[in-house]
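Here is a short tour of one protein model, written for reading beside the sequence and the 3D view. Let's start with the cysteines and then move on to the core, a pocket and a loop.

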Amino acid sequence: MMSSEVNDVNVKAEIEKVIRKIAEERSLSLPALKDDTEIVDELGFSSMMVAGLIANLEEEFGVDPFQDEDVMITDIRTIKHLCDVYVSCLARSR
């Protein structure tokens with residue numbers, strides 16, 4: 001996704017796509033994905049799955065919002081929170 005325009009909708013769609021891909025690989029059935037869906041508590045993602053999610057998103061977006069200490073991966077609870085972190089990181093990297 002190398003379009004010059006990054007918006008919340010694109011980021012959210014991409015994050016949801018990667019979440020679905022990882023869940024499928026692990027045979028995990030997912031509830032409906034909403035902004036306030038908790039990645040660990042509601043989706044059942046283990047820490048290894050979250051690490052995979054972050055690795056996939058870094059590859060997809062070309063940024064790692066967790067490389068500096070502003071944001072800790074352990075602070076991320078919901079899909080919306082994850083989207084916000086990537087949207088702001090992508091905005092800074094432009």
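Why is the sulfur of C83 not in a bond with the closest cysteine sulfur? In this predicted model, that closest sulfur belongs to C89 and sits 13 Å away, which is too far for a bond. Seen from the other side, the sulfur of C89 has C83 as its closest cysteine partner, again at 13 Å and too far for a bond. A disulfide is a covalent bond between the sulfur atoms of two cysteines. To count as one here, the two sulfurs would have to lie within 2.5 Å. A search of the whole structure finds 0 disulfides.

How exposed or buried are these cysteines, and what about S27, which we will meet again below? The table puts the three residues side by side.

| Residue | Relative accessibility | Class |
|---|---|---|
| C83 | 7% | buried |
| C89 | 9% | buried |
| S27 | 68% | exposed |

The cut-off behind these classes is simple: C83 at 7% counts as buried because buried means under 20% relative accessible area. S27 at 68% counts as exposed because that class begins over 50%.

Now to the interior. The largest nonpolar core has 26 residues, and I15, F45, L53, L82 and Y86 are those with the most contacts inside it. Three helices each supply at least two of its residues: α1 (8–25), α2 (47–61) and α3 (79–93). The largest share, 7 residues, comes from α3.

F45 is a good residue to click on in the viewer. Apart from its neighbours within four places in sequence, F45 is in contact with I19, I22, A23, L28, L30, I39, V40, V50 and L53. One of these partners, L53, is also among the core residues with the most contacts.

Where does the largest pocket get most of its lining? The largest share, 5 residues, comes from α2. This pocket has a volume of about 220 Å³. Its lining is made up of 14 residues, with V40, S47, V50, I73 and T74 lying nearest the centre. By class, the lining has 10 nonpolar, 3 polar and 1 charged residues. V40 and V50 also turn up among the contacts of F45.

Finally, back to S27. This serine lies in the loop between α1 and α2. Its phi is positive, about 55°, although S27 is not a glycine. With 68% relative accessibility, S27 counts as exposed.

Conventions: Residues are numbered from 1 along each chain as its sequence is written. This is a predicted model: local features need pLDDT of at least 70, side-chain atom pairs count only at pLDDT 80 or more; totals for chains, interfaces and linings use all residues. Side-chain values use heavy atoms; hydrogens and water are left out. A nonpolar core is a set of buried Ala, Val, Leu, Ile, Met, Phe, Trp, Tyr and Cys residues joined through side-chain atoms within 4.5 Å. Buried means under 20% relative accessible area, exposed over 50%, partly exposed in between (1.4 Å probe, protein chains only). Helices (H or I, at least four residues) and strands (E, at least two) are DSSP runs, numbered from the N terminus. Contact means heavy atoms within 4.5 Å. On a 1 Å grid over the protein atoms alone, a cavity is a set of points where a 1.4 Å probe fits but cannot get out, and a pocket is an open set with protein on both sides within 12 Å along at least five of seven lines; lining residues have an atom within 4 Å of a point. Grid points are joined across faces, edges and corners, and a volume is the space filled by probe spheres set on the points. Ala, Val, Leu, Ile, Met, Phe, Trp, Tyr, Cys and Pro count as nonpolar, Asp, Glu, Lys and Arg as charged, and the others, Gly among them, as polar.
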